[in-house]
Amino acid sequence: MVALLLLLAQIDASFPGTSRCSDEDFVRRIHLDLAGVIPTAEETLAFLAKPDRPALIEKLLASPAYARRMEEAFTVMLLERRTGEAVPEAKWRDWLAKKFADDVPWEATVRELLAADGRDASPAVKFFVDGRTEPHRLTQDVARIFLGKNLTCAQCHDHPHVKDWSQAEYMGLYAFLGQNKADKGRFMPQPMTKKVEYENVFRPEKKKSTGPSLAGQPELEVPAYAKGQEWEVPPGKDGTPGVPKFRPRERLAADLVAHPQFARTAVNRVWFMLMGRGFVHPIDMDHSKNPPSHPELLDALSRRFTSFKPLVREIVLSAAYQRADALLRPLTPEALARSVAVATSFKPGSQGKFNATSYLAGKKSEPPSTLDDLSDCFAAVFGAPAGEPETSFSVSTTQALYLRNDRLITELAAGMKGDVESLYLRILSRRPTDAERMAAKGVAPASLAWALLASAEFRLNH
């Protein structure tokens with residue numbers, strides 16, 4: 001407890017002179033961040049009657065909604081909305097949600113993720129085999145997601161703008177991943193018999209080579225085996241993948257989580273998720289020319305970091321998180337879908353063959369009938385395209401018009417009843433001001449509900 005109080009004091013000292021947000025702002029903000037959905041009107045009123053912020057934080061951290069919220073956030077971070085059938089999405093989501101429910105150390109989860117090959121039926125292999133089998137794509141994504149380094153421009157030459165990032169670093173990471181091929185949800189590892197050879201596109205005459213290596217760590221030697229002796233378990237005649245004696249990807253799983261950038265990057269991503277901006281921003285541009293905004297605080301949080309629940313608790317208990325002038329953040333597509341469902345008392349029907357693309361294109365299609373259908377719609381409208389990180393916020397015409405014109409949203413709004421105060425509590429998690437009560441006089445409940453659902457206040461976390 002003493003250590004936590006000292007850390008909270010350090011966080012708050014880094015953000016001086018901030019006033020505390022209202023209880024109405026806090027109850028909405030903390031539900032969105034820890035449960036991925038706005039509070040119900042009843043939850044809001046219960047908290048406002050007895051506003052115990054630490055108690056609410058602990059209640060949400062212990063709830064199944066917290067594990068689901070973190071799973072959704074990290075599924076988007078890890079898979080970047082790629083889809084595939086090699087590993088069923090439900091199995092992946094259950095696997096990852098249990099990690100957060102049990103507060104498994106992030107190091108253990110990532111080791112399992114990077115070492116998975118499909119032989120043990122672990123859903124972790126989805127990270128590799130569904131939409132991300134090309135070795136250079138793997139290299140770039142591992143560097144971005146786990147080390148905070150966008151090394152894409154270092155594939156063919158040293159990075160033109162970031163002197164810290166060399167082609168040698170890129171190719172050293174590539175050497176861990178370049179021997180793997182995916183087939184039918186399994187890895188088909190190939191033996192690594194020599195170093196990876198490469199050349200700078202501007203100086204092709206200077207050939208270079210490297211074994212597997214991470215920046216700042218020694219290069220691994222590539223062992224030499226006599227022909228036919230490179231396998232611990234040879235590939236089966238029935239197509240069963242073999243097991244090479246030298247398995248650099250398994251070594252990467254161990255070495256990467258020990259790298260100093262690993263904990264730092266995880267902390268920076270969670271700070272970004274909860275505060276709207278990373279200590280290092282953009283979050284995949286962590287280099288010496290782009291120093292963190294609060295280096296001592298980032299170092300302190302990184303040294304303490306093992307799993308996410310304590311880190312999240314430390315951040316949301318701070319006055320810095322509970323400040324009145326917090327950065328505006330868009331609700332995630334999943335949180336927006338759930339919040340619409342809670343605000344409108346959306347009652348899921350039976351699961352049908354819903355196609356979000358056809359529905360959004362205005363083709364003949366039934367409207368969303370389940371929460372999954374609704375989430376698919378919001379992901380298609382508000383999410384990033386497959387393979388792109390969701391680390392920035394921009395509004396498109398489609399997004400601006402969706403909440404105002406979507407037929408399901410208008411139907412749900414049309415069915416809403418109640419007075420001005422109840423509608424504000426259900427949709428915006430607060431009571432209306434006197435001016436808002438006056439402005440809403442004579443407005444039909446359905447029209448008011450539609451206006452509140454389409455408002456920027458509903459769309460944003462603040």
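**A friendly note on two helices, a buried face and a loop**

1. Let's start with a pair of helices in this predicted model. Helices α4 and α14 are roughly antiparallel to each other, because angles over 145 degrees count as such. Their axes cross at roughly 155° and come within 11 Å. Here α4 covers residues 53-61, while α14 covers residues 308-316. As you turn the model, note that α4 passes α14 in a right-handed crossing.

2. Which residues of α4 and α14 make the contact? From α4 come Ile57, Glu58 and Leu61. From α14 come Lys309, Val312, Arg313 and Val316. Sorted by type, the residues of this contact are 4 nonpolar and 3 charged, with no polar ones.

3. Next, have a look at helix α18, residues 397-405. Gln399, Tyr402 and Leu403 are buried there. These residues lie on the same side of α18, because the arc they cover around the axis is only 80°. Thr397 and Asn405, on the other side of α18, are exposed.

4. What do the buried residues of α18 pack against? Their partners are the helices α16 (356-360), α17 (371-382), α19 (407-414), α22 (445-453) and α23 (456-459).

5. Finally, find glutamine 179 in the loop between α10 (167-177) and β1 (182-183). Is glutamine 179 buried or exposed? Its relative accessibility is 15%, and buried means under 20%, so glutamine 179 counts as buried. Leaving aside residues up to four places away in sequence, glutamine 179 touches Met188, Pro189, Gln190, Pro191, Met192, Val196 and Pro248.

Conventions. Residues numbered from 1 in each chain as written. Predicted model: local features only at pLDDT ≥ 70, side-chain atom pairs only at ≥ 80, totals over all residues. Heavy atoms only, no water. Buried < 20%, exposed > 50% of the residue type's maximum accessible area, 1.4 Å probe, protein only. Helix = DSSP H or I, 4+ residues; strand = E, 2+ residues; numbered from the N terminus. Arc of directions from axis to C-beta. Contact = heavy atoms within 4.5 Å. Axes fitted to C-alpha atoms, helices over the stretch in contact; angles between N-to-C directions. Parallel < 35°, antiparallel > 145°, perpendicular 65-115°, else oblique. Left-handed = near helix turned anticlockwise from the far one by under 90°. Nonpolar A, V, L, I, M, F, W, Y, C, P; charged D, E, K, R; others polar.
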